[in-house]
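Subject: The structure with its ligand

Hi,

Here is the structure I said I would pass on to you. Have a look around it first, then read my notes underneath.

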Amino acid sequence: MAGTDMRISVIGTGYLGAVHAACLADIGHDVLGVDVDAAKIEALAAGQAPFYEPGLSDVLSRAVGSGRLRLSIDPAQAAEFADVHFICVGTPQQPGSQAADLTYVHAAIDGLARHLRRPTLVVGKSTVPVGTAAALARRLAELAPAGEGVELAWNPEFLREGYAVADTLTPDRLVVGARSDAADEALREVYAPMLAAGVPYIRTDLATAELVKVAANAFLATKISFINAVADVCDAAGADVVRLAEAMGHDARIGRRFLGAGVGFGGGCLPKDIRAFLARARELGVADSLAFLAEVDTINTGRRRRVVELARELVGGSLHGRNVAVLGAAFKPDSDDVRDSPALAVAAAVQARGANVRVHDPAAIDNARAVFPELDYTTDVAKACERADVVLHLTEWREYRDLEPESLAKVVAHARIVDGRNVLSLERWEAANWTVAALGRGRRQG
Ligand code: NAD
């Protein structure tokens, strides 16, 4: 893609920022990535992705190799270098509260602002509660030596881990909350190659831009919890939620995506974003309007307990002393992200009931071990399943779908599996003499 050679900084080079920085350099901009994590910056500067994301290494090594992407731990350098600054730091759930923790956003804004001596555009990409941008705009004007010359815009990010590079280079849409035409024009220039390729660009006010992101995630979470609630009815009625979702999905108004019943959603976005959305609605006095999101959350966390229950039933009533193989640690396939991972939560819950748990994942073992060091890990599926009394399939990595049930049956102690993602062929596994349990498939749990 032809670039427009702007000088851009990306502050916070995690799952979002590293991809954003590398892709902006790839389309021809001069980019400086800044993070407080020196090890991450060192890896990126060597052209190495500090996490697993398909395709990122190629873009990154090209960007670093061309000299268009440089890295630093110094926000003063970013202020000196760039005319547009993207804020991509984390906004996790606050400990002991449902609200978003804005500590990192405030630190990034404050750290940058005091060095901004000329008119500049600061662009928020992190997911934040509505109203944050307006407050940050005031703070920037107060703290920056350039005062009102520093403008803030909001450009929420919709990338999906596992598809982050493609989603960044060819997004479904670009949403920009901009107060001035100058800010709008600068962002159109940043994204010129995407706009030339026909990507829809929607300009809004700051509050709408912030809300588009959380509303979109709340909708997706609701769709998943909806089908999971229906899965319970399917179990009670002897119906099959997978066939049901397929049939519903043909309705263009509904669509099949995000109608995968199973162990539910997790990750660093959906769970904390719906909680923060509800917390913010409470502050705004409209909690009743979003009360259903609490139910969406409850249905979702209930799925994890349901999988533990299915495992317990399959092994005959008690998990104590049983060998349990867990396939998957990442919250989704093609990622090494274990934040609020349903698979790991189930693994830990099963272990807490006295089982011997061995977890397999193709990419997320190191991250998983950092969170749950007490679990046993392996990168060999057969080893994970050795002498298992039950296998739990919890992250739908492609390689699990391709497993040969006949060969796996030879290594386990008992051929029993819970398909927590409803993607395995029940017929195929049952034909190989496995007892298969799943969520919403009409009580097929043996
Ligand atoms: P992350 O934790 O992977 O990355 C955040 C990075 O910010 C870390 O590398 C951290 O060291 C750095 N950081 C913290 N304070 C800093 C500071 N003061 N200066 C510079 N760097 C600092 O998080 P993420 O997944 O990349 O998410 C970032 C934001 O993007 C969140 O608001 C998230 O909700 C949103 N988002 C994430 C995704 C996704 O798929 N991960 C998608 C869309 C939106």
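Below is what turned up around the ligand and in the cavity.

Before you start, keep in mind that this is a predicted model.

**Around the ligand**

Let's begin with the ligand. The shell around it is made up of 26 residues, and the closest are D35, K40, T91, K272 and R339. If you sort the shell by class, you get 12 nonpolar, six polar and eight charged residues.

Which helices supply at least two residues of that shell? They are α1 (15-26) and α5 (103-113). Of the elements involved, α5 gives the most, with three residues.

Next, zoom in on some polar side chains. T91 has a polar side-chain atom 2.5 Å from an oxygen atom of the ligand. In E161, an N or O atom of the side chain is 2.8 Å from a nitrogen atom of the ligand. For R339, a side-chain N or O atom is 2.8 Å from an oxygen atom of the ligand.

How much of the ligand does the protein bury? On its own the ligand exposes 830 Å², and the protein buries 88% of that.

**The cavity**

Now for the empty space. Counting cavities of 30 Å³ or more gives one. The largest cavity holds about 40 Å³ of space.

Its lining is worth clicking through: T91, A100, T127, V128, P129, V214, K272, D273 and A276. You will recognise two names here, since T91 and K272 line the cavity and are also listed among the closest residues to the ligand. By class, the lining of the largest cavity has five nonpolar, two polar and two charged residues. Helix α12 (residues 270-283) provides the largest share of that lining, three residues.

So where does the largest cavity lie? It lies between domain 1 (7-204) and domain 2 (270-444), because both of them give residues to its lining.

If you want a route through the model, start at T91, with its polar side-chain atom 2.5 Å from a ligand oxygen, and then move on to the other residues that line the largest cavity, such as A100 and T127.

Cheers

Terms used:
Residues numbered from 1 in each chain as written. Predicted model: local features only at pLDDT ≥ 70, side-chain atom pairs only at ≥ 80, totals over all residues. Heavy atoms only, no water. Near = heavy atom within 4 Å. Polar contact = N/O pair within 3.5 Å; in protein donor to acceptor, adjacent residues only side chain to side chain. Areas by Shrake-Rupley, 256 points an atom, 1.4 Å probe, with all protein chains shown as cover. Helix = DSSP H or I, 4+ residues; strand = E, 2+ residues; numbered from the N terminus. Nonpolar A, V, L, I, M, F, W, Y, C, P; charged D, E, K, R; others polar. 1 Å grid on protein atoms, 1.4 Å probe; cavity = no way out; pocket = protein on both sides within 12 Å on 5 of 7 lines; lining within 4 Å. Points joined across faces, edges and corners; volume = space filled by probe spheres on them. Domains from an automatic or database assignment.
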